[in-house]
Amino acid sequence: MPQLVAFSLLVSILYIGDVLSTRTKSWLPSVFVCAVLFLLGYWTFFPADIVAIAGFQTPIVYLAIFLLITNMGTLLSVRELVGQWKTVVVSLSGIAGIVALLFTVGLLVLDWETVVVGAPPLVGGVVSSLIMSQAAAEAGLTSLSVLAILIYVMQGFVGYPLTAIMLKREGNHVLRRHRAGDWQGQADQSTVPTSGEPAPARLFAKLPEAYNTFYFKFLRLGLVALIAWGTSQAVAPLFTISPFVLCLIFGVIATSIGFLEREPLRSANAFGFTILILMVFIFDGLKRATPDMLTELAVPMFALIAIGIFGMYVFSFIAGKLVGVSPAMAFACSLTALYGFPADYVITKEVINTLTDDQDERELLTAHMLPPMLVAGFVTVTMVSVVMAGIFVGLL
């Protein structure tokens, strides 16, 4: 198969997934559509190495992972986390609930390796799924390598509608109190992203724009990732720490000291292509998924998701009661672990637009629900899931 034919087929699948997700307002997740189409392709006319033929081989994929995780670190700041401390507490409690029930109730019905491989993808997105999938494959656990991808695919199918239901419940509650003159919510727009160009990195604020080129942004991002990787290698004789975890941490530090701007990959017009690389590579793992294997994995996959989400609900409910967050909002924030940004932003805005046509009420709901949803997504998917994956790799 020619390279450009392979590339066109892969991108067509991703586009179809996006279109169907948009048409169904995210009730039919794009990753679910893409997974089905990839499976059908592998079971019919796709060559097993179609992703490699298209040019997405291991070296460029790992480069994309290093750059993307470092880029994810630039989205976080200490100020935003402090301002949304209740959200952080609730989100971490939801993750604790997933882990607690999977390693207690889950071990009663599933084996150790299945729980270890399945937990990080359930708490995070594409990066943690890819980390665990690769680790399982290297450990010779082929079916569990596929399971990590399947959980990533299916959890959004469960999480999107559940989140929409919780946000609609919270939004209706806020609107009833607002219309009755009983709502005293405080707007906090500090964590709402703007659509404009990010401010330049503080250390290079006086650098003429002509010199702040795409290459310079890539250079700084690559240097931060290199320092993170070098640190993991330097401490390897003493203890093991995932370079991906360090990329996230060093991304936060580099942004805080002004060496990196927010989302340098977007500024360099490379974010979309980086995500494309990761998406086709993670779906490439489905080439090992035979119909018999899917039948074999169906029970552990749904068991992991069901047990994990139940634990998430219980722990987030308790944490919400303790810190004064409503059960619906607490559960919605915890559910961001199943998909993260930008799905948390899209779902929240769609729910708000369906609840009211009044612009003032939309602004009220946006100020109340969007900041905690964004922070929750950053805490769960961007930060905790990568750390968890780095730790859990050592448990296999």
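**Legends to close-up views of a predicted helical model**

Of the 396 residues of the protein, 52% count as buried. The model shown in every view is predicted.

**View 1. The whole chain is built from 18 helices and zero strands.** The radius of gyration is 21 Å, close to the 21 Å that the globule rule gives for 396 residues, so the protein is as compact as a globular protein of that length. Along the principal axes, the C-alpha atoms fill a box of roughly 65 × 60 × 45 Å. Among contacts with a separation of 6 or more, 83% join residues that are 24 or more positions apart. The exposed surface of the protein comes to about 17,500 Å², and carbon and sulfur atoms supply 66% of that area. The side chains include 20 positive and 23 negative ones. The centres of these two sets lie 6 Å apart.

**View 2. Phe 103 and Trp 112 form an aromatic pair.** A search of the whole structure finds 12 aromatic pairs. In the pair of Phe 103 and Trp 112, the ring centres are 5.5 Å apart and the planes are at 70°, so the pair is edge-to-face, a class that begins over 60 degrees. Phe 103 has 21% relative accessibility and counts as partly exposed. Trp 112 also counts as partly exposed, with a relative accessibility of 39%.

**View 3. Five aromatic residues form one cluster.** The members of the cluster are Phe 38, Tyr 42, Phe 45, Phe 46 and Phe 283. Tyr 42 is also in contact with Ile 50, the residue at the centre of the next view.

**View 4. Ile 50 lies in helix α3.** This helix covers residues 50-53. Ile 50 is buried, with a relative accessible area of 0%. Apart from neighbours within four places in sequence, Ile 50 is in contact with Met 1, Ala 6, Leu 9, Leu 10 and Tyr 42. Glu 296 is 246 residues from Ile 50 in sequence, and the C-alpha atoms of Ile 50 and Glu 296 are 25 Å apart in space.

**View 5. Arg 202 is found in the loop between α10 and α11.** Helix α10 spans residues 142-179 and helix α11 spans residues 214-234. With a relative accessible area of 53%, Arg 202 is exposed. Its contacts, leaving aside neighbours within four places in sequence, are with Ser 256, Ile 257 and Gly 258. Arg 202 and Phe 273 are 71 residues apart in sequence, with 26 Å between their C-alpha atoms.

**View 6. Glu 263 and Asn 269 each have a positive phi.** Most residues other than glycine have a negative phi. Phi is about 50° in Glu 263, which is not a glycine. Glu 263 lies in the loop between α12 (243-256) and α13 (264-267). Glu 263 is buried, with a relative accessible area of 16%, which falls under the 20% limit for that class. In Asn 269, phi is near 55°. Asn 269 is found in the loop between α13 and α14 (271-284). Unlike Glu 263, which is buried, Asn 269 is exposed, with a relative accessible area of 61%.

**View 7. Helix α16 is mostly covered.** The helix runs over residues 327-335, and eight of its nine residues are buried. The buried residues of α16 are Ala 328, Met 329, Ala 330, Phe 331, Ala 332, Cys 333, Ser 334 and Leu 335. An α-helix has 3.6 residues a turn, so residues three or four places apart point the same way.

**View 8. Leu 365 lies in helix α18.** Helix α18 takes in residues 359-392. Leu 365 is buried, with a relative accessible area of 0%. Not counting residues up to four places away in sequence, Leu 365 touches Gly 171, Val 174, Leu 175, Ile 352, Leu 355, Thr 356 and Leu 370. Leu 365 and Thr 348 are 17 residues apart in sequence. From C-alpha to C-alpha, Leu 365 and Thr 348 are 9.3 Å apart in space.

Methods: Residues numbered from 1 in each chain as written. Predicted model: local features only at pLDDT ≥ 70, side-chain atom pairs only at ≥ 80, totals over all residues. Heavy atoms only, no water. Helix = DSSP H or I, 4+ residues; strand = E, 2+ residues; numbered from the N terminus. Rg over C-alpha atoms; globule rule 2.2 N^0.38 Å. Buried < 20%, exposed > 50% of the residue type's maximum accessible area, 1.4 Å probe, protein only. Contact = heavy atoms within 4.5 Å. Areas by Shrake-Rupley, 256 points an atom, 1.4 Å probe, with all protein chains shown as cover. Lys, Arg positive; Asp, Glu negative; His and termini not counted. Charge placed at Lys NZ, Arg CZ, Asp CG, Glu CD. Phe/Tyr/Trp six-rings, centres within 6.5 Å; stacked < 30°, edge-to-face > 60°.
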